[in-house]
Amino acid sequence: MADAPRARRLAKRIAQIVASALEHEVKDPRLAKVTITDAKVTGDLRDATVYYTVLPEHLNAEPDLAGAAAALLAARGVLRTMVGQRTGVRFAPTLSFVTDEVPAEARRMDELLARAREADAEVARLATNAVPAGDADPYKPPRETEAAEESEED
């Protein structure tokens, strides 16, 4: 079994090879907007999972995830051959491609944080003119009568 640092190095190299191949060697137009974000390799170096994102054609358009997935599936054999040749490992790992959900989750978290900031600002605005519902000092003052009675008895 391979050690974890070797698997991490191989995963990084696989991501570089696949990204370079998609940019320069694979001529499928559906892969023009695909970006490789990460790769993970199993401990035995037999299977690699490559994570990717797809940029939209236009700013307001949705990315073509189905077309990119089909193109990556079609190019998987060629990419595996390139990975095997350029890494020098005895067994070229099988490649599986997974859409990276990190950018969408980051966008969702940014929206949630913006809503939380707005709610905090609203609470702060309401608190500026607020007055306490009960007494200004809700804590009971210490009983001085008991202390005075005890000192009189002594």
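Partly exposed describes a residue whose relative accessible area lies between the buried limit of under 20% and the exposed limit of over 50%. The exercises below use this cut-off on a predicted model.

**Exercise 1.** Classify D38 and its salt-bridge partner K40 as buried, partly exposed or exposed.

Solution.
Step 1. D38 has a relative accessibility of 31%, so D38 counts as partly exposed.
Step 2. K40 has 47% and therefore also counts as partly exposed.
Step 3. The two residues form a salt bridge, with their closest N and O atoms 3.4 Å apart.

**Exercise 2.** Locate T53, decide whether T53 is buried or exposed, and list its contacts.

Solution.
Step 1. T53 lies in strand β2, which covers residues 47-54.
Step 2. Its relative accessibility is 13%. Buried means under 20%, so T53 is buried.
Step 3. Leaving out residues up to four places away in sequence, T53 touches K33, V34, T35, T37, D100 and P103.

**Exercise 3.** Work out the strand order of the sheet, and which strands stand at its edges.

Solution.
Step 1. The sheet is open and has three strands, in the order β1-β2-β3, with mixed pairing.
Step 2. β1 (34-41) and β3 (94-99) each have a single partner strand, so one side of each lacks a neighbour in the sheet; these two are the edge strands.
Step 3. On average, and with direction ignored, neighbouring strands are turned by 30° against each other.
Step 4. Between β2 and β3 the pairing is parallel and runs over six bridges. A48 is placed opposite L95 in β3.

**Exercise 4.** Describe how helices α1 and α2 pack on the sheet.

Solution.
Step 1. α1 (residues 4-24) touches β1, β2 and β3, and its direction makes about 155° with that of β1.
Step 2. α2 (residues 65-87) also touches β1, β2 and β3; here the angle of about 155° is with the direction of β3.
Step 3. One residue of helix α2 is G77. With a relative accessible area of 46%, G77 is partly exposed.
Step 4. The C-alpha atoms of G77 and D47 are 13 Å apart, and 30 residues separate the two along the chain.

**Exercise 5.** Of the five salt bridges in the structure, examine the one between E25 and R86.

Solution.
Step 1. The closest N and O atoms of E25 and R86 are 2.7 Å apart.
Step 2. E25 sits in the loop between α1 and β1 and R86 in helix α2, so the pair links distant parts of the chain, 61 residues apart.
Step 3. E25 is partly exposed at 35%, and R86 is partly exposed at 34%.

Technical notes:
Residues numbered from 1 in each chain as written. Predicted model: local features only at pLDDT ≥ 70, side-chain atom pairs only at ≥ 80, totals over all residues. Heavy atoms only, no water. Helix = DSSP H or I, 4+ residues; strand = E, 2+ residues; numbered from the N terminus. Buried < 20%, exposed > 50% of the residue type's maximum accessible area, 1.4 Å probe, protein only. Contact = heavy atoms within 4.5 Å. Pairing = 2+ DSSP bridges. Axes fitted to C-alpha atoms, helices over the stretch in contact; angles between N-to-C directions. Salt bridge = Lys/Arg side-chain N within 4 Å of Asp/Glu carboxyl O.
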